[in-house]
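Colleague: Please take one part of this model and examine it closely. I should like a connected account of how its elements pack against one another, with each criterion stated.

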Amino acid sequence: MKHFIPFIVAGDPSEDVTIDLAVALEQMGATILELGVPYSDPLADGPIIQRAASRALKNGMTLTKALELIGRMRKKGVKIPIIVFTYYNPVLQLGEERFFTLARQNGASGVLIPDLPFEESEHMRTLGDTYQIPYISIVAPTSHERIAMIASQAQSFLYCVSSLGVTGIRDSLPAELHEFLQQVKSYSRVPVVVGFGISTAEQVERLQHICDGIVIGSAIVQKIEQLQDELNDVHAREHALIAFSQYVASLIEPLKRVRKNESQTTTTTIKTVPTGQAD
């Protein structure tokens, strides 16, 4: 099965709305959710996600609250794996073991830290093993000879950055992306997913045949930004969630067609820790 992995920012535009968005995305066919933790210096993020992070921070969102938000999503019925997307500094400030303890207690399914190089992540990967929270590895077009090394340690899935630079909506994707993904897949023992810049149904159509899953972030976060006033209005929220779902459906329509064709074939499974509130 081709995986649809949406990215949203915890607390944007509010905590309650974030939960409703997670529910809606699961209903739309998301197989994994990436929950971004807002940070004041998001080196890997473009303007759209930076603005979302700023809104969430103004609302008082923290790493601890974001992890607790996962627990609230679980209580609301969200069953798909939830990956915590956070920068390393908030984890360091909270305490690495405290971070993994809260992640497990609240039903997180994995962690992804974009600014922690693979060579410096062994401690976090070891803690992830201890707490049964997979540490997700990232490869980029500049990884070159490091691809084999990173792929050999990959857990759950391997996140491929489609292009250099920060996240954001892109009109086109690099011509060499196909070759890069093929190279990664030749080394990877786990499913290969691709993200950064994927923002149209046409791009999804192009990529779905050469990877196991697609991450869509900025396009979804931008739609949330456009609907934020209605989403924050309890009387208009239901209509706004419908509009949001319709937009997401248009983005991932090619994935749905592929899923129908693959319904009778072997699926590609992404292994994560069991969902739901941990002991």
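Modeller: The crossing of helices H10 and H12 is right-handed, meaning that the near helix is turned clockwise from the far one by less than a right angle, whereas an anticlockwise turn would make it left-handed. The model is a predicted one, in which local features need pLDDT of at least 70 and side-chain atom pairs count only at pLDDT 80 or more, while totals for chains, interfaces and linings use all residues. Residues are numbered from 1 along each chain as its sequence is written, and side-chain values use heavy atoms, with hydrogens and water left out.

H10 spans residues 218-226, and H12 covers residues 237-251; helices here are DSSP runs of H or I with at least four residues, strands are runs of E with at least two, and both are numbered from the N terminus. The axes of H10 and H12 lie 10 Å apart at an angle of about 160 degrees. Each axis is a line fitted to C-alpha atoms, for helices over the stretch in contact, and the angle between N-to-C directions runs from 0 to 180 degrees. H10 is therefore roughly antiparallel to H12, since that term applies over 145 degrees, with under 35 roughly parallel, 65 to 115 roughly perpendicular and the rest oblique.

On the H10 side, Ala 219, Ile 220, Lys 223 and Ile 224 make the contact, and H12 supplies Ala 243, Phe 244, Tyr 247, Val 248 and Leu 251; contact means heavy atoms within 4.5 Å. By class, these residues comprise 8 nonpolar, no polar and 1 charged, where Ala, Val, Leu, Ile, Met, Phe, Trp, Tyr, Cys and Pro count as nonpolar, Asp, Glu, Lys and Arg as charged, and the others, Gly among them, as polar.

H12 also packs against H1 (residues 15-27), at an angle of about 45 degrees and with the axes 10 Å apart. That angle makes H1 oblique to H12, and the crossing of this pair is right-handed. From H1, Asp 16, Val 17, Asp 20, Leu 21, Ala 24 and Leu 25 meet Arg 237, Leu 241, Phe 244, Ser 245 and Val 248 of H12. This contact has 7 nonpolar, 1 polar and 3 charged residues. Phe 244 and Val 248 of H12 thus appear in the contacts with both H1 and H10.

As context, the protein has 13 helices and 8 strands.
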